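Please look through the structure shown here with the following explanation beside it, which moves from one helix contact to another and then to single residues and the whole chain.

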Amino acid sequence: MTTARLRLDGVTATVLPVTTDRAPVKHLPGSPGYRRATLSLFAAGMTTFMALYYVQGLLPQLSSHFDVSPTTSALAVSLTTGLLAVAIIPASALSERYGRVRLMVGSAVAASVIGLLLPWAPSIELLLAGRALQGLLCAGVPAVAMAYLAEEVDGMSLGGAMGRYVAGTTIGGLVGRLIPGFAVDFVSWQWALEIAALVSLAFAIAFWRMVPGSQFFTPQPVSLRTTGRNLVAHLRDPGLLSLFALAFVLMGGFVTVYNFIGYRLLGGPFGLPAGIVAAIFFMYLAGTVSSAWGGRLADRLGRRRVLVTATSIMLVGLLITIPDHLWSVIVGLFLFTAGFFAAHSVASGWVSARATEHRAEASSLYLFHYYLGSSVVGALGGLTYSAFGWAGVAAYVGTLTAAGVLLAALPRRRRSA
């Protein structure tokens, strides 16, 4: 607001104040705010998914060092995602009271700092307990990121913005697995994990420095009764409920495949060294591209069409991995990974677009099912692998993915696009 003085014929007159402040507008593609929002959320996805999955590439080494089974070793992933699932809804409720950005920054930094300590756990029990705590601390970013973007980014560009965030999660998952997977050929597995944890912390700090403040967030009172009422309202929407179920089956199947593909490639008939096995996580680059691609196509062609296509690609890719031929495994994993991340990008964006009120709770329910699938389905996948090998994993995950295709095809007319 400015005040001007005007002098006419020796008389000074005060001109009434003129308001120069403009109402905030949502971030549009090409604007500085859009670039900062999407880049910072990309960094948030990087740090969170590095923290969640940086042990996954070293599960065989954990089995060997602590003398535990693959099923027990896989708990280093399942416990983390399971506790994250438990914390998702409380974290989203806290964001309604204390703000989206504050919660995301605190979550990203705290989870990364804990990650620095975990490689030096003296027993598998302490390592698993620390991973469970890390899952709780990670919850703030995925619980809030989608709601933050839905509030701050123009609705017509939400699919693309969501795709960039999901792309950050895919590269975070990739880097978090590759760094220790390659490093373990040169240093101990503890130092391999420590290096990954330091990189995760660097991305957390970058997110903290870049993320724009919320313009359209209004604090809301938080109570168990209010939160429960909002959650129940979302669960009564059949369209949202089917998207929640889709998240459960697809993420559960995806984590199962990547939990045990390392065991398969290290053993017969492949017998690959650890560094080469770690390179299989380059398949996440397919997800980096397909998540952004899926979001943009959903904006243009419609969400259901793209979602059915993506889940079908997952199923085809899984079937191609069954033969004991390395190129077949690589091609199949590429298609499976690309299909999964495209489906996740579209489904998560659909939840945010459909839930016109209390988006944080809707997003948290989606992610609760997403990470619950990772924890429960991924843990049971260890039993399947131990009993039946890769053929059992393919049948187990194939059944879940086929259910995902059917869920993706369901009509969602109310409030949907």
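In this predicted model, helix 8 and helix 15 meet through two sets of residues: Leu158, Met162, Gly163, Val166, Thr169 and Thr170 come from helix 8, and Phe341, His344, Ser345, Ser348, Gly349 and Ser352 come from helix 15. Sorted by class, the residues of this contact are four nonpolar and eight polar, with no charged residue among them. Helix 8 covers residues 158–183 and helix 15 covers residues 326–354, and their axes come within 9 Å of each other while crossing at roughly 135°. Because of that angle, helix 8 counts as oblique to helix 15. The crossing of these two helices is right-handed.

A second pair of helices can be read in the same manner. The axis of helix 5 and that of helix 7 (residues 140–152) come within 9 Å and cross at roughly 150°, and since an angle over 145 degrees counts as roughly antiparallel, helix 5 is described as roughly antiparallel to helix 7. Here the crossing is left-handed. On the side of helix 5 the participants are Arg100, Val101, Leu103, Met104, Ser107 and Ala108, and they meet Gly140, Val141, Val144, Ala145, Ala147, Tyr148 and Glu151 of helix 7. The contact of helix 5 with helix 7 is made up of nine nonpolar, two polar and two charged residues.

Helix 5, which spans residues 100–117, also holds serine 112. Is serine 112 buried or exposed? Its relative accessible area is 2%, and because buried means under 20%, serine 112 counts as buried. Once its neighbours within four places in sequence are set aside, serine 112 is in contact with Thr47, Ala197, Ser200, Leu201 and Ala204.

From these contacts one can turn to the nonpolar interior. The largest nonpolar core has 127 residues, and those with the most contacts inside it are Leu41, Phe207, Tyr258, Leu307, Tyr366 and Tyr371. Helix 11, running from residue 238 to residue 266, gives the most to this core, with 16 residues. For tyrosine 366, the contacts beyond its neighbours within four places in sequence are Met146, Leu243, Phe244, Ala247, His344, Ala347, Ser348 and Val351. One of these partners, Leu243, is found in helix 11 and is buried, with a relative accessible area of 0%. Leucine 243 also illustrates how separation in sequence and separation in space can be set side by side: leucine 243 and glycine 404 are 161 residues apart in sequence, while their C-alpha atoms are 9.4 Å apart. Two of the partners of tyrosine 366, His344 and Ser348, take part as well in the contact of helix 15 with helix 8.

Aspartate 67 offers another setting, in the loop between helix 2 (59–66) and helix 3 (70–73). This residue has a positive phi of about 55° although it is not a glycine, and at 69% relative accessibility aspartate 67 counts as exposed, because the cut-off for exposed is over 50%.

Finally, the protein may be considered as a whole. Its secondary structure comes to 16 helices and two strands, and 57% of its 417 residues count as buried. Among contacts in the protein with a separation of 6 or more, 81% are accounted for by residues 24 or more positions apart.

How values were computed
Residues are numbered from 1 along each chain as its sequence is written. This is a predicted model: local features need pLDDT of at least 70, side-chain atom pairs count only at pLDDT 80 or more; totals for chains, interfaces and linings use all residues. Side-chain values use heavy atoms; hydrogens and water are left out. A nonpolar core is a set of buried Ala, Val, Leu, Ile, Met, Phe, Trp, Tyr and Cys residues joined through side-chain atoms within 4.5 Å. Buried means under 20% relative accessible area, exposed over 50%, partly exposed in between (1.4 Å probe, protein chains only). Helices (H or I, at least four residues) and strands (E, at least two) are DSSP runs, numbered from the N terminus. Contact means heavy atoms within 4.5 Å. Axes are lines fitted to C-alpha atoms, for helices over the stretch in contact, and angles run from 0 to 180 degrees between N-to-C directions. Angles under 35 degrees count as roughly parallel, over 145 as roughly antiparallel, 65 to 115 as roughly perpendicular and the rest as oblique. A crossing is left-handed if the near helix is turned anticlockwise from the far one by less than a right angle, and right-handed if clockwise. Ala, Val, Leu, Ile, Met, Phe, Trp, Tyr, Cys and Pro count as nonpolar, Asp, Glu, Lys and Arg as charged, and the others, Gly among them, as polar.
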